[in-house]
Amino acid sequence: MVDIILQLKGQEVVANTTATTLSNASLVRVYAVANSVVTVANTSGTIGTFTIPGGFVEIVSKDPTDTIACAPNDSLLCTPLAYR
């Protein structure tokens, strides 16, 4: 079994409908406060979306300038990370 160590690269932030790059993070821990639709986008538009159930955590890999946001009335807590 391989242990994965995650290194925090910044403070946890609330990511709602305002898209954020999370300080240009390439790896982001996403916690859904409630059922939420997560959107990852770049300057060309939406790259993709996924639904995360409330209380769950996902790790999202993205390009540094890509943004993360969620649908109106959804709420995400996001933390920039790196593998160590």
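**Entry 1: the loop between β2 and β3**

I started with asparagine 24, which lies in the loop between β2 and β3. The model I am reading is a predicted one. I looked up the backbone angle of asparagine 24 and found a positive phi of about 60°, although this residue is not a glycine. Is asparagine 24 buried or partly exposed? Its relative accessibility is 44%, so I noted it as partly exposed.

I then looked at leucine 22, whose place is in the loop between β2 (13-15) and β3 (27-32). Leucine 22 has a positive phi of about 55° and is not a glycine. I put leucine 22 down as buried because its relative accessibility is 4%, and buried means under 20%.

**Entry 2: the nonpolar core**

I looked up the largest nonpolar core next and found that it has 14 residues. Leu22 from the loop is among the residues with the most contacts inside this core. The others in that group are Val28, Val30, Val38, Ile68, Leu76 and Cys78. Which elements give two or more residues to the core? I listed β3, β4 (36-42), β7 (67-70) and β8 (76-83). The largest share comes from β3, with 3 residues.

**Entry 3: glutamate 58**

I moved to glutamate 58, which lies in strand β6 (residues 57-61). With a relative accessibility of 36%, glutamate 58 counts as partly exposed. I checked its distance to valine 30: the two are 28 residues apart in sequence, and their C-alpha atoms are 5.3 Å apart in space. What does glutamate 58 touch once its neighbours within four places in sequence are left aside? I found contacts with Val28, Arg29, Val30, Phe50 and Ile52. Val28 and Val30 were already in my notes, as residues with the most contacts inside the largest nonpolar core.

**Entry 4: a sheet of three strands**

I traced an open sheet of 3 strands in the order β5-β4-β7, with antiparallel pairing. Why do β5 (45-52) and β7 each have one side without a neighbour in the sheet? Both stand at the edges with a single partner strand, so one side of each is left free of a neighbour there. Neighbouring strands of this sheet are turned by 25° against each other on average, direction ignored.

I then took the two pairings in turn. β4 and β5 pair in the antiparallel sense over 7 bridges. One entry from this pairing is valine 37, whose bridge partner in β5 is threonine 51. On the other pairing, 4 bridges join β4 to β7, and these strands also run antiparallel. Here I noted alanine 41, whose bridge partner in β7 is threonine 67.

I looked at the faces of β7 as well, and both are covered. Thr67 and Ala69 are buried on one side, and Ile68 and Cys70 are buried on the other.

**Entry 5: the cysteines**

How many disulfides does a search of the whole structure find? I recorded 0. Cysteine 70 is in no disulfide, and the nearest cysteine sulfur, that of cysteine 78, is 7.8 Å away. A disulfide needs the two sulfur atoms within 2.5 Å, so I did not count this pair as one. Cysteine 70 is buried, with a relative accessible area of 5%. Cysteine 78 is in no disulfide either. I noted cysteine 78 as buried, with a relative accessible area of 0%. Cys78 had already come up in the core, among the residues with the most contacts there.

Definitions and conventions
Residues numbered from 1 in each chain as written. Predicted model: local features only at pLDDT ≥ 70, side-chain atom pairs only at ≥ 80, totals over all residues. Heavy atoms only, no water. Buried < 20%, exposed > 50% of the residue type's maximum accessible area, 1.4 Å probe, protein only. Core = buried A, V, L, I, M, F, W, Y, C linked by side-chain atoms within 4.5 Å. Contact = heavy atoms within 4.5 Å. Pairing = 2+ DSSP bridges. Axes fitted to C-alpha atoms, helices over the stretch in contact; angles between N-to-C directions.
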